[in-house]
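Colleague: Got a minute to walk me through this model? I'd like to hear about the helix packing, the core and any odd backbone spots.

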Amino acid sequence: MTSVTYRDAGVDIEAGDALVEAIKPLAKATVRAGVMGGLGGFGALFDLKAAGFTDPVLVSTTDGVGTKLKIAIETGIHDHVGIDLVAMCVNDLVVQGAAPMFFLDYYATGALEVTAAQRVIAGIAEGCRISDCALVGGETAEMPGMYAKGDYDLAGFAVGAAERGKLLPANVGPGDAIIGLPSSGVHSNGFSLVRKIVALAGLDWHQAAPFAPGKTLAEILMTPTRIYVRSMLALHQAGLLKGAAHITGGGLPGNLPRALPESCGALLNGPWEMPAIFPWLARAGNVAPEEMLRVFNCGVGMTLIVSDAEAAMKLLRQQGETPFRLGQVTDRPGIEISGTERLFA
């Protein structure tokens, strides 16, 4: 009987080793205060005292990129989904007042394609760099028979820390202002509906986008999720941030209440400016405004709750943001949005 190897079963150990060697410098470039050791151990060590904390509370998050990965796989645009992965996790940390400390990723595929995997992980490292978060480890799982040729899946895990008395939300109440920070586009939610609408419209990913001359549909849709960590931490450290909501699946109606007391709601003033992809999706799919707002961020990637809107917006502009007044906290539970009939005109 011929000797059978792991490679005969579809798993290439040498390819996995080559990938680890390729990503070591990427991970090293993300090292921050508190990191102990490097890649290769059975677990990653982190020293919160060395990171400057006195009485820290740990905050952890996990997320993925969803079916946006299908577009990455079908188009070969792998460079930014790693940023998406980090963004979906660290943006959830910062709304709780936590600074990201370290990140781990899980990359699963049927047969490891080192070049594609390296591009994905380079994006993860870039997302970590943007959010001042260390990439301390991860797992590359090669599982023949579980995935079709070329397919892969991603999951991310982030841990942050905040001083015990600095957690958010805190003291949110009626009359507080709600500030919006723009999204870069669809970000990483609602792509099952996006893909359905694109199919109904009979379009190809590489065709020119009907709403953005000079760019393909894929280029627009693969724009990475914005990372708001630095500007939001600056606002928090200045004592100006009372609460925040990362606008992901569920949109404004589903996420903003998570930053509000049960006795409070919000009145949002529409219409506001949004990337052209959203009105096009609404028209091409005949999607009702209420459904658009429930599925997509609709141009608002992050909402911030503050008492001094003028001071907050000034600091945010200094951080390179383009904030806008979105509404205010009310004493009526629920999210009211005015001008919805004009939002997607």
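Modeller: Sure, we can start with helices, go on to the core and end with the backbone. Keep in mind that this is a predicted model.

Colleague: Okay, helices then. How do α3 and α4 cross?

Modeller: Helix α3 covers residues 81-94 and helix α4 covers residues 114-130; their axes come within 6 Å and cross at roughly 40°. That angle makes α3 oblique to α4. As for handedness, α3 passes α4 in a right-handed crossing.

Colleague: Which residues make the contact?

Modeller: On the α3 side you have V81, G82, I83, L85 and V86. The α4 side brings V120, G123, I124, E126, G127 and C128.

Colleague: And how do they divide into nonpolar, polar and charged?

Modeller: The contact of α3 with α4 has 7 nonpolar residues, 3 polar and 1 charged.

Colleague: Let's stay with V81 for a second. Is V81 buried or exposed?

Modeller: V81 is buried, because its relative accessibility is 0%, and under 20% counts as buried. V81 sits in helix α3. Setting aside neighbours within four places in sequence, V81 is in contact with V65, L69, A72, V120, Y152, L154 and M222. V120 also turned up on the α4 side of the helix contact.

Colleague: Moving on. At what angle do α7 and α11 pack?

Modeller: About 140°, with the axes 10 Å apart; here α7 is residues 229-237 and α11 is residues 309-318. So α7 is oblique to α11. The cut-off matters there, because an angle has to be over 145 degrees to count as roughly antiparallel. The crossing of α7 and α11 is right-handed.

Colleague: What makes the contact in that pair?

Modeller: S231, A234 and L235 from α7, and A312, L315 and L316 from α11. That contact divides into 5 nonpolar residues and 1 polar, with no charged ones.

Colleague: What about V229, where does that residue lie?

Modeller: V229 lies in helix α7. V229 is buried, with a relative accessible area of 1%. Beyond its neighbours within four places in sequence, V229 is in contact with V90, N91, V94, P100 and S131.

Colleague: And how far apart are V229 and A218 in space?

Modeller: They are 26 Å apart, C-alpha to C-alpha, with their places 11 residues apart in sequence.

Colleague: Now the core. How many residues are in the largest nonpolar core?

Modeller: The largest nonpolar core has 113 residues. Inside that core, F103, W272 and L304 have the most contacts. Helix α3 gives the most to this core, with 9 residues. As background, nonpolar side chains tend to be buried together in soluble globular proteins.

Colleague: What is L304 in contact with?

Modeller: Not counting neighbours within four places in sequence, L304 is in contact with A177, I178, I179, L181, M232, L235, L241, G243, A244 and L316. L235 and L316 are also part of the contact between α7 and α11.

Colleague: What about T303, buried or exposed?

Modeller: T303 is buried, at a relative accessible area of 0%. T303 is found in strand β12. Again leaving out neighbours within four places, T303 is in contact with I178, I179, G243, A244, A245, I247, L252, L256 and L326.

Colleague: Last topic, the backbone. Which peptide bond leading into P169 or P271 is cis or trans?

Modeller: The bond from L168 to P169 is cis, with omega near 0°. The bond from G270 to P271 is cis too, with omega near -5°. P169 is in the loop between β6 (152-163) and β7 (177-182), and P271 is in the loop between β11 (265-269) and α9 (277-284). In general, most peptide bonds are trans.

Colleague: And what is phi at N171 and at C298?

Modeller: N171 has a positive phi of about 60° although it is not a glycine, and phi of C298 is near 55°, also positive in a residue other than glycine. Most residues other than glycine have a negative phi.

Colleague: Where do those two lie, and is each buried or exposed?

Modeller: N171 lies in the loop between β6 and β7 and is exposed, with a relative accessible area of 70%. C298 is in the loop between α10 (289-295) and β12 (300-306), and at 0% relative accessibility C298 counts as buried.

Notes: Residues are numbered from 1 along each chain as its sequence is written. This is a predicted model: local features need pLDDT of at least 70, side-chain atom pairs count only at pLDDT 80 or more; totals for chains, interfaces and linings use all residues. Side-chain values use heavy atoms; hydrogens and water are left out. Axes are lines fitted to C-alpha atoms, for helices over the stretch in contact, and angles run from 0 to 180 degrees between N-to-C directions. Helices (H or I, at least four residues) and strands (E, at least two) are DSSP runs, numbered from the N terminus. Angles under 35 degrees count as roughly parallel, over 145 as roughly antiparallel, 65 to 115 as roughly perpendicular and the rest as oblique. A crossing is left-handed if the near helix is turned anticlockwise from the far one by less than a right angle, and right-handed if clockwise. Contact means heavy atoms within 4.5 Å. Ala, Val, Leu, Ile, Met, Phe, Trp, Tyr, Cys and Pro count as nonpolar, Asp, Glu, Lys and Arg as charged, and the others, Gly among them, as polar. A nonpolar core is a set of buried Ala, Val, Leu, Ile, Met, Phe, Trp, Tyr and Cys residues joined through side-chain atoms within 4.5 Å. Buried means under 20% relative accessible area, exposed over 50%, partly exposed in between (1.4 Å probe, protein chains only).
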